[in-house]
Amino acid sequence: MPNRQEQQGRQPELRRRSESGLVDPRLRNDVLALILFVGIGTMLSVRFSLVSHLQILLEQHESIAWLEGASFLIVLLLGTLGFLIRRLYVLQSRMASVASQPVVEIVEDAGLHDPVTELPGRQMWKRRLEQELSRSVRERSQVAVIALDLDRFKQVNDVFGQDVGDALLRVMANRLTGVVRDMDTLLRMGADEFLIIQPGLDSHDGAVSLAKRLIAATVEPMQVGEHQIPMSISIGIVLSSSDCRDCEKLLQRANIALDRAKVAGGSVYRFYEAEMDLQLQLRQRMEQDLRKAIDKGSLALHYQPLFNVTDQRLLGFEALLRWQHAELGFVSPADFIPLAEETGLIMGIGEWVLEQACRDALLWAGDRKIAVNLSPIQFRDPELPSKIAAIIKRTGLPPERLELEITEGVLIEDADTALAMLVELKALGVRISMDDFGTGYSSLSYLKRFPFDKIKIDRSFVSQLVIGSEDAAIVRAILALGHSLGMIATAEGVESAEQFDYLQLEGCDEAQGFLLGRPMPFEYALALCKVPDGQLENVVRPLAAAHLPRVAAGRG
Ligand code: C2E
Ligand code: MG
Ligand code: MG
């Protein structure tokens with residue numbers, strides 16, 4: 001159950017001295033010092049008979065009131081002078097001692113805490129880790145650097161707003177604080193990232209046990225105001241070792257391990273392993289190469305044909321991106337599209353794909369459609385409709401020939417904005433397909449909310465399809481659903497004649513797959529377009545069986 005403090009919506013009680021009293025202790029000390037020095041000044045002035053000396057000196061003026069005023073001023077000056085000397089001394093000794101001060105005190109003194117969670121903030125991690133690393137050398141122990149990240153925190157901000165997001169971070173900080181030891185340091189590194197520095201270890205067992213406690217502490221939903229929000233964390237851990245005591249490197253390695261934990265799906269911890277470095281290097285190299293490929297124009301589009309199931313008419317093509325890497329050979333879009341998405345390169349690539357596909361489609365005879373895949377990253381761009389409108393205008397492709405394929409991932413993140421975007425795109429006159437249908441979460445509710453023109457049944461249901469199997473039942477159900485909502489149904493991944501025949505029997509509208517044609521270069525697609533419709537039935541299956549591009553090249 002969420003604890004009482006969470007239910008009352010209180011901030012975590014973190015170790016901040018200034019919260020313990022009403023008056024800032026530093027201000028209180030200064031006032032006390034001032035009183036002390038004024039007192040000492042008065043005593044000194046009395047001790048050296050200052051008043052009586054002044055009295056003798058100024059007797060001829062016979063103005064006792066003036067005399068009292070002057071002596072009071074001198075006392076005050078002495079007091080202030082003493083106070084200033086003390087402040088200078090305090091400042092100097094604070095600067096000298098700051099390096100050895102405990103982190104919480106430094107944070108309070110210098111205001112280096114994170115205002116949302118009141119934990120030490122990002123500015124503190126390096127200094128704190130350096131301290132623990134040098135201590136670990138003296139004590140022959142190890143330090144664990146533990147990077148934590150909240151799983152799907154962005155959704156909380158999107159759904160409940162930033163205030164609830166901030167409150168959730170405080171609740172999380174409170175739970176994590178309850179798990180770490182006094183000698184550990186918990187910091188907020190930014191957004192939904194935390195860091196724990198765990199010193200005094202002699203093996204990785206201590207870090208494992210802390211990671212397990214951290215995960216256990218986040219099992220129960222977070223109580224934020226009236227909301228109960230489930231929130232898990234992912235954890236990446238690295239231990240200092242004699243060959244790595246570099247702060248930056250340790251943090252980088254903890255983050256690499258964290259990425260691995262994230263991929264594993266949340267509520268998971270992973271230790272850094274050297275092999276992860278190699279993968280990171282490979283990834284960085286791929287990123288550089290991809291940038292070069294874009295600059296040099298070495299990305300290409302291949303086209304996979306789509307056929308009408310009833311009469312096997314060629315209806316159009318799906319544009320599929322290809323990267324011919326100089327050393328690695330053909331790199332699958334399934335591998336480099338995620339990289340392009342993470343690095344933002346997908347924005348430029350995606351626009352190029354759209355424009356190139358529209359230009360190519362104009363050269364095909366008839367009104368054949370061209371389907372283009374849209375990444376969820378492109379989909380988040382509010383400028384997307386105007387960019388597509390500009391491409392349609394520049395190329396002159398009739399908009400109804402362009403089909404935009406989106407996946408359910410687009411709708412899961414922020415359904416309302418995504419649905420508004422779909423309406424805007426639809427208004428351009430283009431057609432919209434739901435790709436890979438059946439692999440996401442809430443397919444049905446989205447189908448109800450937005451009238452897609454087409455659903456494409458994911459190939460995982462089709463390519464293993466055997467009559468009488470579960471897959472066959474699922475395909476039948478999707479076809480019935482799509483048709484009842486007035487949508488065209490396309491089966492992806494048709495690999496055998498039996499599958500094709502089953503789809504025909506069940507009334508599937510369109511089909512795409514290796515049986516009917518693999519993705520092929522533009523010239524081959526052009527050649528395929530020239531085959532008269534009546535002859536396609538005789539051409540397509542033998543072509544696919546004999547690897548379409550090779551045979552088509554012979555014809556082209
Ligand atoms: P997708 O949009 O579902 O495309 C269909 C994928 O299934 C293609 O893989 C295609 O080659 C493959 N396929 C088609 N028929 C068969 C079959 O009978 N058997 C098997 N095993 N596979 C078949 P590809 O070209 O590797 O593309 C993979 C994914 O990469 C695409 O899945 C799409 O999500 C993404 N992608 C490709 N091009 C682009 C692009 O230009 N932009 C974006 N954002 N994503 C793209
Ligand atoms: Mg697709
Ligand atoms: Mg697909």
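User: Which residues are the protein donors of the magnesium ion (ligand 2)?

Analyst: This is a predicted model, in which local features need pLDDT of at least 70, side-chain atom pairs count only at pLDDT 80 or more, and totals for chains, interfaces and linings use all residues. Side-chain values use heavy atoms, with hydrogens and water left out, residues are numbered from 1 along each chain as its sequence is written, and chains are lettered from A and ligands numbered from 1 in the order in which they are written. Donors are N, O and S atoms within 2.8 Å of the metal (3.2 Å for Na, K and Ca), and sites may look incomplete because water is not among the atoms. At 2.0 to 2.3 Å from the magnesium ion (ligand 2), the protein donors are Glu318 (OE), Asn373 (OD1), Glu405 (OE) and Asp435 (OD).

User: How are the donor residues of the magnesium ion (ligand 2) spaced in sequence, and which strands hold Asn373 and Glu405?

Analyst: The spacing of the donor residues is E-x54-N-x31-E-x29-D. Asn373 and Glu405 tie together parts that are 32 residues apart in sequence, because Asn373 lies in strand E11 (residues 369–373) and Glu405 in strand E12 (residues 402–406). Helices (H or I, at least four residues) and strands (E, at least two) are DSSP runs, numbered from the N terminus. The strands asked for are thus E11 for Asn373 and E12 for Glu405.

User: Is Glu405 buried or exposed?

Analyst: Buried means under 20% relative accessible area, exposed over 50%, and partly exposed in between (1.4 Å probe, protein chains only). Asn373 has a relative accessible area of 29% and is partly exposed. Glu405, with a relative accessible area of 2%, is buried.

User: Which residue bridges the magnesium ion (ligand 3) and the magnesium ion (ligand 2)?

Analyst: The magnesium ion (ligand 3) is coordinated at 2.0 to 2.6 Å by Asp435 (OD), Asp436 (OD), Glu492 (OE) and Glu492 (OE). Its donor residues follow the spacing D-D-x55-E. Asp436 counts as partly exposed at 24% relative accessibility, whereas Asp435 counts as buried at 6%. The two ions lie 3.8 Å apart, and the residue that bridges them is Asp435.

User: What distance separates an oxygen atom of ligand 1 from a polar backbone atom of Phe514?

Analyst: A residue is near a molecule if one of its heavy atoms lies within 4 Å of it. Of the 23 residues around ligand 1, those that come nearest are Arg322, Asn373, Arg459, Glu495 and Phe514. An N or O atom in the side chain of Asn373 is 2.8 Å from an oxygen atom of ligand 1, and a polar side-chain atom of Glu492 lies 3.2 Å from an oxygen atom of ligand 1. For the polar backbone atom of Phe514, the distance to an oxygen atom of ligand 1 is 2.8 Å.

User: What share of the area of ligand 1 does the protein bury?

Analyst: Accessible areas come from the Shrake-Rupley method with a 1.4 Å probe; for residues, only the protein chains shown count as cover. Ligand 1 taken alone exposes 790 Å². The share of this area that the protein buries is 85%.

User: Which element gives the largest share of the shell around ligand 1?

Analyst: Two or more residues of the shell come from each of strand E9 (314–325), helix H12 (333–343) and strand E13 (431–437). The largest share, four residues, comes from E9.

User: How do the rings of Tyr303 and Phe522 pair?

Analyst: Rings of Phe, Tyr and Trp (its six-membered ring) pair if their centres lie within 6.5 Å; planes under 30 degrees apart count as stacked, over 60 as edge-to-face and the rest as tilted. Tyr303 is in strand E8 (residues 299–308) and Phe522 in helix H22 (residues 522–530), 219 residues apart. Tyr303 counts as buried at 0% relative accessibility, and Phe522 is buried with a relative accessible area of 14%. The ring centres are 6.3 Å apart and the planes at 70 degrees, so the pair is edge-to-face.

User: Which residues form one aromatic cluster with Tyr303 and Phe522?

Analyst: The count of aromatic pairs comes to seven. The cluster that holds Tyr303 and Phe522 also includes Phe317 and Trp364.

Notes
A polar contact is a pair of N or O atoms within 3.5 Å; within protein, one must be able to donate a hydrogen and the other to accept it, and residues adjacent in sequence count only if both atoms are side-chain atoms.
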